[in-house]
Amino acid sequence: MTIEIHVAPDAGAAGRLAAEIIRDALRKDPGLVLGVATGGTPRCTYEELVRSAVDLSSATLFLLDEYVGLDGADPRTCRGTIRAQLTGPLGIDDERINAPDVDAVDLSAACARYEADIDDAGGIALQLLGIGRNGHIGFNEPGSSFESLTRLVQLADTTISDNSRFFGSPADVPTHAVTQGIATVLRAGHLLLLANGASKAEVLSAALTGPTTPDVPASALQLHGHVTVIADAEAAARL
Ligand code: F6R
């Protein structure tokens, strides 16, 4: 197990550090296959990438997850979020963002296709991750198998409650999503986990120093050979 932990003074500094790792990967490989997460945590990273006008024109992006049941044009979709925070401001064509087809009639075939698309792109070289208060990565909620692949999942109540800040009220948060599985995430070459704020301190410590268990999906990161964690001081308080 190799987990490199960086503690930054605040979320802005954490974002700048994460952006530097991404820029460095792009310098080595402009055609980088980059896995992108949404939610509040990566925002500072995307702001910094946009501020520094990073060249993503040859990169390929894969979403970590996508809500089911939203209109495709809804800005709150994960694709819409990445478009608004990252690719749009950088002038990157929407076609460079790969996402599972959550509107497919045969959703399990669409999930299998997403796995194949990742493989056909040569695999995800660098995967950005956040962590849920309940230990989820992607939308792999507690109890998810470490063998899991891209699939339809039901969101946990804590996830719906936490994400209601993006939707106005818990009733407006989609109940389901398609997420890369834990095994999908573990196939990426380098995992970059970001965690900010006191609400993540306990779970980050459990994930990185506790037992590897499906009860804490992020503990699966201990099974990967190349993980970088960037936490702000509050999130790192229990490490
Ligand atoms: C987002 C995702 C989630 C979030 C996690 C943390 O694509 O897959 O795992 O990373 O819920 O969310 P925030 O960053 O809003 O605290």
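In this predicted model, Arg165 places a polar side-chain atom 2.8 Å from an oxygen atom of the ligand. The protein covers 93% of the 410 Å² of accessible area that the ligand has on its own, and the space that the ligand takes up is the largest pocket.

Arg165 is joined by two further residues, Asp65 and Lys200, each of which has a polar side-chain atom close to a ligand oxygen atom, at 2.4 Å for Asp65 and at 2.7 Å for Lys200. These polar contacts are set out below.

| Residue | Atom of the residue | Atom of the ligand | Distance |
|---|---|---|---|
| Asp65 | polar side-chain atom | oxygen atom | 2.4 Å |
| Lys200 | polar side-chain atom | oxygen atom | 2.7 Å |
| Arg165 | polar side-chain atom | oxygen atom | 2.8 Å |

Around the ligand there are 14 residues, of which Thr41, Asp65, His136, Gly138 and Lys200 come nearest. Sorted by class, this shell consists of 3 nonpolar, 8 polar and 3 charged residues. Asp65 and Lys200 thus appear both in the list of nearest residues and in the table, where their distances to ligand oxygen atoms are 2.4 Å and 2.7 Å.

A separate part of the model concerns Thr184, a residue of helix α6, which spans residues 182-187. Thr184 counts as buried because its relative accessibility is 4%, and the cut-off for that class is under 20%. The side chain of Thr184 also reaches the backbone nitrogen of Thr150, at a distance of 3.5 Å.

Notes
Residues numbered from 1 in each chain as written. Predicted model: local features only at pLDDT ≥ 70, side-chain atom pairs only at ≥ 80, totals over all residues. Heavy atoms only, no water. Near = heavy atom within 4 Å. Polar contact = N/O pair within 3.5 Å; in protein donor to acceptor, adjacent residues only side chain to side chain. Areas by Shrake-Rupley, 256 points an atom, 1.4 Å probe, with all protein chains shown as cover. 1 Å grid on protein atoms, 1.4 Å probe; cavity = no way out; pocket = protein on both sides within 12 Å on 5 of 7 lines; lining within 4 Å. Sits in = over half its atoms within 2 Å of the grid points. Nonpolar A, V, L, I, M, F, W, Y, C, P; charged D, E, K, R; others polar. Helix = DSSP H or I, 4+ residues; strand = E, 2+ residues; numbered from the N terminus. Buried < 20%, exposed > 50% of the residue type's maximum accessible area, 1.4 Å probe, protein only.
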